[in-house]
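Open the model in your viewer and keep the selection panel at hand. The stops below follow one another, each starting from something to select.

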Amino acid sequence: MSDGKKTIVVKLGTSVLTGGSFTLDKAHMVELVRQCAQLKKKGHKIILVSSGAVAAGKEHLHLSCDLSNVNNKQMLAAVGQSHLIHTWQTLFNLYGMHVGQMLLTRADLDDRERYLNARDTLKALIKHDIVPIINENDAVATQEIKVGDNDNLSALAAILAKADKLLLLTDQPGLFTADPRANPDAKLISLVDKIDANLKALAGGSSTHLGTGGMATKLQAADIACRAGVEVIIAAGHKENVIVDAALEKDVGTRFLATASVTESRKQWLMAGPPASGELILDEGAVRAMKHSGSSLLAKGLSDVLGEFERGAMVKLCDQNGAQIARGICRYSSSDLAQIKGQHSEQINQLLGYDYGAVVIHRDDLVLFGGLT
Ligand SMILES: Nc1ncnc2c1ncn2[C@@H]1O[C@H](COP(=O)(O)OP(=O)(O)O)[C@@H](O)[C@H]1O
Ligand SMILES: N[C@@H](CCC(=O)OP(=O)(O)O)C(=O)O
């Protein structure tokens, strides 16, 4: 956001939510919610990526089962997730705030249509000041379709939400020169401008049974987010006022500088992205609006649709002579577009019986060849 209001993804590890025990630390969760409410009052938007389902399941079932067994963990997560979200809901309600649960897997983010759906839901929640609370859909996530850890999931969520900042909260004050549990002399690294193999070699795994990945997955997440233009901070979830301080640019934990701007990285991705599955032919007014006004593409400006494609497909945008002027991700399938081309946005719902919003391709999802003139 350019008005000083930020969108911040806060990832809360099991270690933060349990304080190292086998139960949710509700007193500390209230304190985290208080900080989120304080930021919301100032106009910032918060998205939580909350671990803790497995821990909450363990707390409620009182079963001593082998946590290295995937089915056991899935069962605990299925039981724990409802307790976890109920706890968050109750705590945020104390501050008059609503929450919305989003359980995702990698399959939801890899498939382009599902990606757009997830992004639209996330946007809608944020727009209505509802706090999205994201976790992996552990109960159904098999090895093939899961992200695997919430550090990486939070980086993907930050990109999905076009966040300004990703805050990874854990049980250590940040990234150390070695795992501080095993090396008491390890030193905190306060600033990282490049994540390379040497840095990755410092990061070890988790030594708890409930956490996943340790510092290694936090560095993977930081790498993904920084390359996409999102600044990352790893800090202690129990440090006083940590969420507020990190949001207000005070020095906390380890700060990783973004290595590209969001626009730059998005443009690069769109340029190099998947091959186009179809072509949209634009009328002259739409070509002008694209080239000179930086507008999104509306159905009204479409004169023809070539090829067959699904919602979420990459398409070429061409002028009346067939010259390509841009490429972008289309929010409607080719069969939808055949019905709505040339029509006003308000008529989309009436024509299709549903709609995915007023624009066919959002400005953020297209890259113009030759830039704006
Ligand atoms: N270089 C390092 N700096 C800090 N912590 C590290 C490092 N290498 C490994 N760790 C371990 O990572 C753990 C945090 O990861 P994890 O247990 O997965 O927590 P969370 O539940 O917060 O994701 C720390 O408790 C620490 O033992
Ligand atoms: N999805 C799991 C957490 C997975 C995970 O990455 O845990 P952590 O390392 O504590 O952030 C759960 O809710 O228990």
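**From the PUA span to the binding-site residues**

Select residues 278-361 of this predicted model. The C-alpha atoms at the two ends of this span lie 13 Å apart, and the span is 26% helix and 31% strand. The UniProt record, an unreviewed entry, places the feature "domain: PUA" at these positions.

Next, select Tyr356, in the loop between helix H14 (348-352) and strand E14 (359-361). Is Tyr356 buried or exposed? Tyr356 is buried, because 20 other C-beta atoms lie within 10 Å, and 20 or more is the cut-off for that label. Not counting residues up to four places away in sequence, Tyr356 touches Asp120, Arg311, Arg331 and Tyr332. For a distance across the model, pick Tyr356 and Ala55: they are 301 residues apart along the chain, and their C-alpha atoms are separated by 37 Å.

Now colour by domain. The domain assignment gives domain 1 (7-266) and domain 2 (273-368), with C-alpha centres 35 Å apart. Where they meet, 6 residues of domain 1 are in contact with 7 residues of domain 2. On the domain 1 side, helix H6 (residues 112-127) supplies the largest share, 5 residues. That side divides into 2 nonpolar, no polar and 4 charged residues.

Turn to the nonpolar cores. The largest has 74 residues; Val9, Ala157, Ala158, Leu166, Leu167, Ala225 and Val230 have the most contacts inside it. Helix H4 (residues 70-94) gives the most to this core, with 8 residues. Select Ala158 and look for Val9, Ala163, Leu166, Ala225 and Val230, which Ala158 touches when residues up to four places away in sequence are not counted. Apart from this core lies another, of 25 residues, among them Ala286, Val305, Ile340 and the Tyr356 visited earlier.

The last stop is a set of residues from the record. Under "binding site", UniProt (unreviewed entry) lists ten positions to select, including Lys11, Thr170, Asp171 and Thr217.

- Lys11 is in strand E1 (residues 7-12). Lys11 is buried, with 29 other C-beta atoms within 10 Å. Leaving aside neighbours within four places in sequence, its contacts include Asn150, Asp151, Ser154 and Leu167.
- Thr217 is in helix H9 (residues 214-227). Thr217 is buried, with 25 other C-beta atoms within 10 Å. Leaving aside neighbours within four places in sequence, Thr217 is in contact with Asp149, Asp151, Asn152 and Thr212.

To finish, select Asp151, which is in contact with Lys11 and with Thr217.

Definitions and conventions:
Residues are numbered from 1 along each chain as its sequence is written. Chains are lettered from A and ligands numbered from 1 in the order in which they are written. This is a predicted model: local features need pLDDT of at least 70, side-chain atom pairs count only at pLDDT 80 or more; totals for chains, interfaces and linings use all residues. Helices (H or I, at least four residues) and strands (E, at least two) are DSSP runs, numbered from the N terminus. A residue is buried if 20 or more other C-beta atoms lie within 10 Å of its own, exposed if 12 or fewer, and partly exposed in between; C-beta atoms are placed from the backbone. Two residues are in contact if their C-beta atoms, placed from the backbone, lie within 7 Å. A nonpolar core is a set of buried Ala, Val, Leu, Ile, Met, Phe, Trp, Tyr and Cys residues joined through C-beta atoms within 7 Å. UniProt positions are given in the numbering used here, feature names are shortened, and annotations may be inferred rather than shown by experiment. Domain bounds come from an automatic or database domain assignment. Ala, Val, Leu, Ile, Met, Phe, Trp, Tyr, Cys and Pro count as nonpolar, Asp, Glu, Lys and Arg as charged, and the others, Gly among them, as polar.
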